[in-house]
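Here are my notes on the model, written as numbered points. I hope they are handy while you have the coordinates open.

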Amino acid sequence: MLSIEELLKRHGYSIMSSGTEYTINVLDSMRDSLTSIESYKDFYRVYRSIVDRVSRERPACAQATNVLRDIGLLIVDGVENKLSIRDICSSVSERIGYWKDRIVRDCEEAAHIASHRLVDGDVVLTHSRSLCVLKAIKKARDDGKKLEFYVTESRPGMEGLVTASEISKLGYPVKLVIDSAVRFFMKDVDKVLVGAEAVAVNGAVVSKVGTSLISLIAHEARVRVFVIAPISKFNLETLFGELVELPESDWRKLMSPDILAKLPENYLARVPLYDVTPPSYIDGIATEKGLFAPQAIPVILKDVYGSWPPAVIDLDELVYKLYELTKGV
């Protein structure tokens, strides 16, 4: 029997992994690449390849960007201090292990905190597929809370079908609804719970396209909206006026090549993958350090980084610096 993911792929849908899963996958790829490193130049080659991949595939994924920044600084420091290839690879492998453990731990902590906002009898609406949201729902189940769920289909990609299946396996009643019917059903909802691809310094949340519309409708209906986002998903570049890049896809997210072949030649599909929800539509952001109002993010970052504004180096700058350090070696 085919899984939901396999059935969706058979019908031409392309399911996106959650930001947390994607970052862990990037870390695994980097660790695998360490076996090919034989010189300082190889560090530049591998690091640039990973950075280019994230920029191409998930430019809005703040967690992957933040992790790559930390690892890039570690590599640059090793090359600058002329450490051996083996020692640098060992340090990088160790840091990758640290980040993988921390990402999972922080997700679980943030999910635990978010689960406290769910109370017996709540009807909760969620969108797309978030590993941290699913962990929060599981924690609520383990605490014996009786809940009901609405899950949007979450086009493009239809990740909502996977989410609905996973919530159902936890023993909760689930209603799967089409994205365009959210306003119709919001009168039955007590809370909205979603994940995030990134959180800007001003508290705006980048998440799967449709989240901003859901949050607007919830705001209109006076339904509280909670976001689960570990601090590693906070986009530090937005502090300096950088805009989060919101990628678009094309027909490949909507249909199979066979269906496309039957459409007019001039057929063009625009498929945004993410949108931005203003902080005014968000009631709280659950992190591993607690639940905060979006407006409190600068205070959180100052506490985490020890200064305000925190020092931030762009990934492209790191790639160039590594190139300069290794080009003559």
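1. In which loop is Pro 156 found? Pro 156 sits in the loop between strand S2 (148–152) and H7. Bear in mind throughout that this is a predicted model. The peptide bond joining Arg 155 to Pro 156 is cis, with omega at about -10°, and that is a good spot to begin your own look.

2. The loop between S2 and H7 also holds Met 158. Its phi is near 60°, a positive value in a residue other than glycine. Is Met 158 buried or exposed? Met 158 has a relative accessible area of 8%, and the cut-off for buried is under 20%, so Met 158 counts as buried.

3. Next along the chain comes helix H7, residues 159–169. Glu 159, Gly 160, Val 162, Thr 163, Ala 164 and Ile 167 are its buried residues. Just after H7, the phi of Gly 171 is positive, at about 100°.

4. Strand S3 (residues 174–177) contains Lys 175. With a relative accessibility of 42%, Lys 175 is classed as partly exposed. Which residues does Lys 175 contact, once its neighbours within four places in sequence are left aside? They are Glu 148, Phe 149, Tyr 150 and Val 151. Lys 175 also lies 7.7 Å from Ala 164, C-alpha to C-alpha, with their positions 11 residues apart in sequence.

5. A separation of 11 residues appears again at Asp 316 and Tyr 305, whose C-alpha atoms are 21 Å apart. Asp 316 belongs to helix H12. Its relative accessible area is 54%, and since exposed means over 50%, Asp 316 is exposed.

6. On the domain level, the assignment gives domain 1 (4–108 + 312–326) and domain 2 (112–305). Their centres, taken over C-alpha atoms, are separated by 25 Å. How many residues of domain 1 are in contact with domain 2? There are 29, and they meet 36 residues of domain 2.

7. Now for the empty space. The count comes to one cavity of 30 Å³ or more, and about 220 Å³ of space lies in the largest cavity. Where does this cavity lie? Domain 1 and domain 2 both give residues to its lining, so the largest cavity lies between them.

8. The lining of the largest cavity has 21 residues, and Ser 18, Ser 128, Arg 129, Ser 207 and Lys 208 are the ones nearest its centre. H2 and strand S6 (205–208) are the elements that give two or more residues to this lining. By class, the lining is made up of five nonpolar, 10 polar and six charged residues.

9. Ser 128, one of the residues nearest the cavity centre, deserves a second look. Ser 128 is found in the loop between strand S1 (123–126) and helix H6 (131–142). Although Ser 128 is not a glycine, its phi is positive, at about 60°. At a relative accessible area of 10%, Ser 128 is buried.

10. Ala 204 is in the loop between strand S5 (198–199) and S6. Ala 204 is buried, its relative accessible area being 8%. Leaving aside neighbours within four places in sequence, Ala 204 is in contact with Ala 198, Val 199, Val 276, Thr 277 and Pro 279. Pro 294 is 90 residues from Ala 204 in sequence, yet their C-alpha atoms are 7.3 Å apart.

11. Finally, the packing. In soluble globular proteins, nonpolar side chains tend to be buried together. Here the largest nonpolar core has 35 residues, of which Tyr 47, Leu 68, Ile 71, Ile 75 and Val 92 touch the most other members. At least two residues of this core come from each of helix H2 (19–33), helix H3 (40–57), helix H4 (62–80), helix H5 (85–115) and helix H12 (315–326). Another core, of 28 residues, lies apart from it, and includes Val 189, Val 205, Val 223 and Leu 236.

12. Which residues does Ile 71 touch, not counting those up to four places away in sequence? They are Leu 27, Met 30, Val 92, Arg 95, Ile 96 and Trp 99.

Definitions and conventions. Residues numbered from 1 in each chain as written. Predicted model: local features only at pLDDT ≥ 70, side-chain atom pairs only at ≥ 80, totals over all residues. Heavy atoms only, no water. Core = buried A, V, L, I, M, F, W, Y, C linked by side-chain atoms within 4.5 Å. Buried < 20%, exposed > 50% of the residue type's maximum accessible area, 1.4 Å probe, protein only. Helix = DSSP H or I, 4+ residues; strand = E, 2+ residues; numbered from the N terminus. Contact = heavy atoms within 4.5 Å. 1 Å grid on protein atoms, 1.4 Å probe; cavity = no way out; pocket = protein on both sides within 12 Å on 5 of 7 lines; lining within 4 Å. Points joined across faces, edges and corners; volume = space filled by probe spheres on them. Nonpolar A, V, L, I, M, F, W, Y, C, P; charged D, E, K, R; others polar. Domains from an automatic or database assignment.
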